[in-house]
Amino acid sequence: QKGGATWSHVLIADHQDDIRTTRVGMAGADLIIGCDPIVSANKETTMRMRAGRTHVALNAHSTPTAAFVKNANWQNPSQSCVDSITAIVGKDGVSAFNADALATVMMGDSIYTNPIMLGFAWQKGWIPLQKASLMRAIELNAVAVDNNKTAFEWGCRAAHNWAEVEPLLKSNPFAVSVIDFKKRDSLEDIISKRIEFLTAYQNAAYASKYIEFVEKIRSKELSLKGGVIVKVLPLTEAVARNLFKLMAFKDEYEVARLHSDGTFEKKIAGMFEGDYKLNYHLAPPLIAEKNDRGELQKQQFGPWMLTSFKLLAKLKGLRGTAFDIFGKTAERRMERALVADYLNSMDAVMLKLTAENAQTLFPIALDIARIPENIKGFGHVKEKNAASTRLKWDALMAQI
């Protein structure tokens with residue numbers, strides 16, 4: 001995926017003379033080993049499939065494409081890819097599982113997804129070669145031989161007894177590729193989680209400002225409904241999510257806290273073993289160089305930065321005070337201004353919104369409450385998004 005989609009056509013026969021082409025013909029594939037569902041659902045691949053003939057061993061985890069860099073709202077289409085393949089070859093023709101997660105958890109690196117998929121397909125009986133031949137091929141390749149053999153065995157095990165393998169992924173906190181479906185958070189859950197986070201982010205007083213404003217919005221929304229208690233309060237939920245997003249902006253103190261509270265180190269230790277070295281790529285506004293467009297450029301800092309993080313995290317109480325040297329940058333001033341402007345805007349909206357005009361103004365109020373969703377990224381990326389969002393923000397306020 002890094003350099004674009006890749007296909008390998010493999011033809012197997014009893015004698016070399018029986019192979020008269022280098023490519024699998026249309027609707028002529030007996031087996032497709034799909035290491036990425038996006039490529040597997042590509043026309044180049046699906047044209048080789050045929051119901052009743054083709055088996056598809058599919059890695060259900062999809063690597064994000066370059067589109068997600070250009071489109072902040074890009075959604076991973078992995079499930080739709082699985083569905084489209086199933087529609088072609090039938091449900092019995094597809095065996096899909098998260099090989100990426102299995103490789104990451106059991107092998108420590110997703111690069112072993114391919115031999116896992118090979119072992120999976122072989123165990124299913126879809127590859128007409130002896131296991132000894134495949135093992136010898138791995139030996140002759142002479143690259144990470146033991147690991148590739150082990151990955152192959154994990155693929156076999158996944159095909160033979162997935163019910164035994166799957167719990168190993170779910171029990172591992174670093175199996176981030178495993179999807180665990182759960183009920184949608186209630187409004188109370190949404191608010192309580194953010195109160196806890198903001199308390200750790202700054203302090204209890206900072207979190208109190210958040211909850212006081214959210215409760216003010218809740219009271220107003222309930223009044224629009226005649227005081228009737230309802231579970232769904234879209235305006236309150238939108239403010240709960242987006243005020244938090246603005247208040248918890250990731251400045252130098254927060255970056256330091258998140259790196260030094262132990263969670264980051266634990267995650268790294270779960271991903272790597274042996275002798276490794278951590279480097280940090282950062283663009284501190286006070287010292288980072290800028291390119292020709294005036295954008296801050298990242299530079300590498302060594303392992304000593306973790307000690308600096310631990311010290312800096314303890315200074316979070318300086319955030320927003322006269323002693324906050326980081327707070328004087330244009331980006332930090334912009335972030336504080338966004339919080340103040342959002343609070344003022346929602347106050348103005350609440351003054352205008354009544355039970356009589358709610359049918360007309362409520363949808364606009366909801367759009368204003370959700371406006372921070374468009375302010376994404378960091379540094380110059382966030383600055384550009386904030387500038388473009390301001391235009392929409394002003395237009396919505398004018399309607400109110």
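A residue is termed buried when its relative accessible area is under 20%. In this predicted model, helix 16 meets that criterion at E331, R332, M334, E335, L338, V339, Y342, S345, M346, V349 and M350. An α-helix has 3.6 residues a turn, so residues three or four places apart point the same way. Helix 16 comprises 23 residues (330–352), for which a rise of 1.5 Å a residue predicts a span of 33 Å; the separation of 32 Å between its end C-alpha atoms agrees with this expectation. The partners against which its buried residues pack are helix 11 (204–224), helix 12 (234–247), helix 13 (252–260), helix 17 (358–369) and helix 18 (379–399).

Two residues of helix 16, Y342 and M346, recur in the largest nonpolar core, which has 45 residues; together with Y210 and L235 they touch the most other members. At least two residues of this core come from each of helix 10 (187–201), helix 11, helix 12, helix 16, helix 17 and helix 18. Leaving aside residues up to four places away in sequence, Y210 is in contact with I191, R194, I195, L198, A240, L243, F244 and M247. Another core, of 21 residues, lies apart from the largest one and includes F97, W154, V165 and L169.

The strands give a further element of the fold. Strand 2 (residues 55–59) is largely enclosed by the rest of the structure, because four of its five residues are buried. Strand 2 runs parallel to strand 1 (residues 31–34), to which four bridges join it, and V56 is the bridge partner of I32. Four bridges also join strand 2 to strand 3 (residues 94–97), again in parallel, with V94 as the partner of V56.

Conventions: Residues numbered from 1 in each chain as written. Predicted model: local features only at pLDDT ≥ 70, side-chain atom pairs only at ≥ 80, totals over all residues. Heavy atoms only, no water. Expected span 1.5 Å × (residues − 1). Buried < 20%, exposed > 50% of the residue type's maximum accessible area, 1.4 Å probe, protein only. Contact = heavy atoms within 4.5 Å. Core = buried A, V, L, I, M, F, W, Y, C linked by side-chain atoms within 4.5 Å. Pairing = 2+ DSSP bridges.
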